[in-house]
Amino acid sequence: MYTKDEASQLRQAFWTTFGQYISPQLSSEGLRVNWINYKTGLKYVYFKMQADKRTAIISIELGHPDAGIQELFFEQFAEFKNILNGYLNEEWEWELHHRDDEGKITSTISKQITGVSIFNKNDWPALITFVKPRIIALDVFWNDVKDGFEALR
């Protein structure tokens, strides 16, 4: 077991390592991007990467406070599902209106792996191999479809 401080330091070390590893990768538009804190340019639409002691998850999170508008965003992503799957070369889980860890209602489109731990440095290559190609694919996807969300701004 790790203390809160040790756990925090390991998490920070992993994300710093990942950031250094992926930093040479330019966006699909040829720009430098902060991959760990990816900016979609659309309020309430986030690309998130998370890892803990048992799993790693990469997701598109829709966090609009109005459930109806959040559902419109979700439906718009559903319109682009085949394009998304094409870039990712896999199916992701789609969940409309679920309560997150803080009690906030969000909708997510996500992929998860289990059996890896951010606290085990031996798992870091597997974690990086999991998140890197997916965040890059999300960037290419987003560059192609973001104009389709213009009406929802």
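This report describes helix H2 and the four-stranded sheet of a predicted model.

## Helix H2: length and N-terminal cap

Helix H2 comprises 13 residues, numbered 67–79. At 1.5 Å a residue, a helix of this length should span 18 Å, and the end C-alpha atoms of H2 are indeed 18 Å apart, so the expected and modelled spans agree.

The N-terminal end of H2 is capped by aspartate 66. In this cap, a side-chain oxygen of aspartate 66 lies 2.8 Å from the backbone nitrogen of glycine 68.

## Helix H2: the buried side

Four residues of H2 are buried: Gln70, Phe73, Phe74 and Phe77. Because they cover an arc of only 100° around the axis, they lie on the same side of H2. An α-helix has 3.6 residues a turn, so residues three or four places apart point the same way.

Both strands and helices contribute to the cover over these buried residues. The covering elements include the strands E1 (45–51), E2 (55–62), E3 (93–99) and E4 (105–114). Helices H3 (81–88) and H4 (124–145) are also among the elements that cover the buried residues of H2.

## The sheet: order and twist

The sheet is open and consists of four strands in the order E1-E2-E4-E3, with antiparallel pairing. E1 and E3 are the edge strands, since each pairs on one side only. From one strand to the next, the twist averages 30°.

Strands of a sheet pair through backbone hydrogen bonds, in either a parallel or an antiparallel sense.

## Strand E2 and its partners

Strand E2 stands between E1 and E4 in the sheet order. Seven of the eight residues of E2 are buried, which leaves this strand mostly covered.

On one side, E2 pairs with E1 in the antiparallel sense over seven bridges. The two strands form a hairpin, with three residues between them. Within this pairing, lysine 48 has serine 59 of E2 as its bridge partner. E2 also runs antiparallel to E4, to which eight bridges join it. Here isoleucine 60 stands opposite isoleucine 109, a residue of E4.

Definitions and conventions: Residues numbered from 1 in each chain as written. Predicted model: local features only at pLDDT ≥ 70, side-chain atom pairs only at ≥ 80, totals over all residues. Heavy atoms only, no water. Expected span 1.5 Å × (residues − 1). Buried < 20%, exposed > 50% of the residue type's maximum accessible area, 1.4 Å probe, protein only. Arc of directions from axis to C-beta. Contact = heavy atoms within 4.5 Å. Polar contact = N/O pair within 3.5 Å; in protein donor to acceptor, adjacent residues only side chain to side chain. Pairing = 2+ DSSP bridges. Axes fitted to C-alpha atoms, helices over the stretch in contact; angles between N-to-C directions.
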